[in-house]
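This report describes a structure part by part for a reader who has the sequence and the coordinates at hand. Please keep the structure in view while reading.

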Amino acid sequence: MECGVIQLGDGIGAAIALRLAEAGAGVVVHYHTAAERAEAVAAGIRERGGEAFTLGADLAEEGGIRGLLQELEERGALPDGVVNVAARQDVTAFAGIDAEEWRGLMATNLAGVFLITACESLTHC
């Protein structure tokens, strides 16, 4: 069983990835910009005898999702399940958020979740 953990970092996503690996799942550790943190999580899984590798992609864009899924398909590692903990949290007072920042937040926190869920089967992307 393969399971993708989407954009994890150090917190809950990392804990989920480790727990899935302990349960016997192969884990695909996704990152957008934090390649070193993702690789550290994957290395921790491998050190414990699990299977894990990392892939980077911008999930706020359909092209990034398509590329991620295409690479997974080429590796024979399309996930049986996806745990999506991707989120962007800008530390800006609401009154100070401009339209561009708002679109970026919505692209990651809403559209990205929808797109990865819809595209996961490769039939809607």
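## Accessibility and the model

A residue is called buried when its relative accessible area is under 20%, exposed when it is over 50%, and partly exposed in between. Arg75 has a relative accessibility of 44%, and therefore counts as partly exposed. These terms recur throughout the report.

The structure is a predicted model. The protein chain has an average pLDDT of 82, and 87% of the residues score at least 70. Among the elements of the chain, helix H2 has the highest mean pLDDT, 92, whereas strand E1 (residues 2-6) has the lowest, 62. Where pLDDT is low, the predicted coordinates should not be read in detail.

## Helix H1

Helix H1 covers residues 12-22, and its buried residues are Gly13, Ala14, Ala17, Leu20 and Ala21. Viewed down the axis of H1, these buried residues fall within an arc of 130 degrees, so they line one face of the helix. An α-helix has 3.6 residues a turn, so residues three or four places apart point the same way.

The other side of H1 carries the exposed residues Ile12, Arg19 and Glu22. After the helix comes Gly24, which has a positive phi, near 100 degrees.

## Strands E2 and E3 with helix H2

Strand E2 spans residues 26-31 and is mostly covered, since five of its six residues are buried. Its partner is strand E3 (residues 52-56): the two run parallel and are joined by five bridges. Within this pairing, Tyr31 stands opposite Gly56 in E3.

How are E2, helix H2 and E3 arranged, and which hand does their unit have? Together with H2 (residues 35-47), the two strands make a β-α-β unit that is right-handed.

## Salt bridges

The structure contains four salt bridges, and three of them are described here. Arg46 pairs with Glu39, with 2.3 Å between the closest N and O atoms. Both partners are partly exposed: the relative accessible area is 36% for Arg46 and 33% for Glu39.

Another salt bridge links Arg66 to Glu62, where the closest N and O atoms are 3.5 Å apart. Both residues belong to helix H3 (residues 62-74) and are four residues apart, about one turn of the helix. Arg66 is partly exposed at 40% relative accessibility, as is Glu62 at 38%. The side chains of Arg75 and Glu71 also meet in a salt bridge, at 3.3 Å from N to O. Arg75, as stated above, is partly exposed at 44%, and Glu71 is partly exposed with a relative accessible area of 32%.

## The aromatic pair

How many aromatic pairs does a search of the whole structure find? The search finds one. A pair of aromatic rings is described by the distance of the centres and the angle of the planes. For Phe94 and Trp102 the centres are 6.3 Å apart and the planes stand at 90 degrees, an edge-to-face arrangement.

Are the two residues of this pair buried or exposed? Phe94 has 66% relative accessibility and counts as exposed, because this value is over 50%. Trp102 has a relative accessible area of 42% and is partly exposed.

How values were computed: Residues are numbered from 1 along each chain as its sequence is written. This is a predicted model: local features need pLDDT of at least 70, side-chain atom pairs count only at pLDDT 80 or more; totals for chains, interfaces and linings use all residues. Side-chain values use heavy atoms; hydrogens and water are left out. Rings of Phe, Tyr and Trp (its six-membered ring) pair if their centres lie within 6.5 Å; planes under 30 degrees apart count as stacked, over 60 as edge-to-face and the rest as tilted. Buried means under 20% relative accessible area, exposed over 50%, partly exposed in between (1.4 Å probe, protein chains only). Two strands pair if DSSP finds at least two bridges between them. A crossover is right-handed if, with the strands pointing away from the viewer, the path from the first strand over the helix to the second runs clockwise. The arc is that of the directions from the helix axis to the C-beta atoms. pLDDT is the predictor's confidence in each residue, from 0 to 100.
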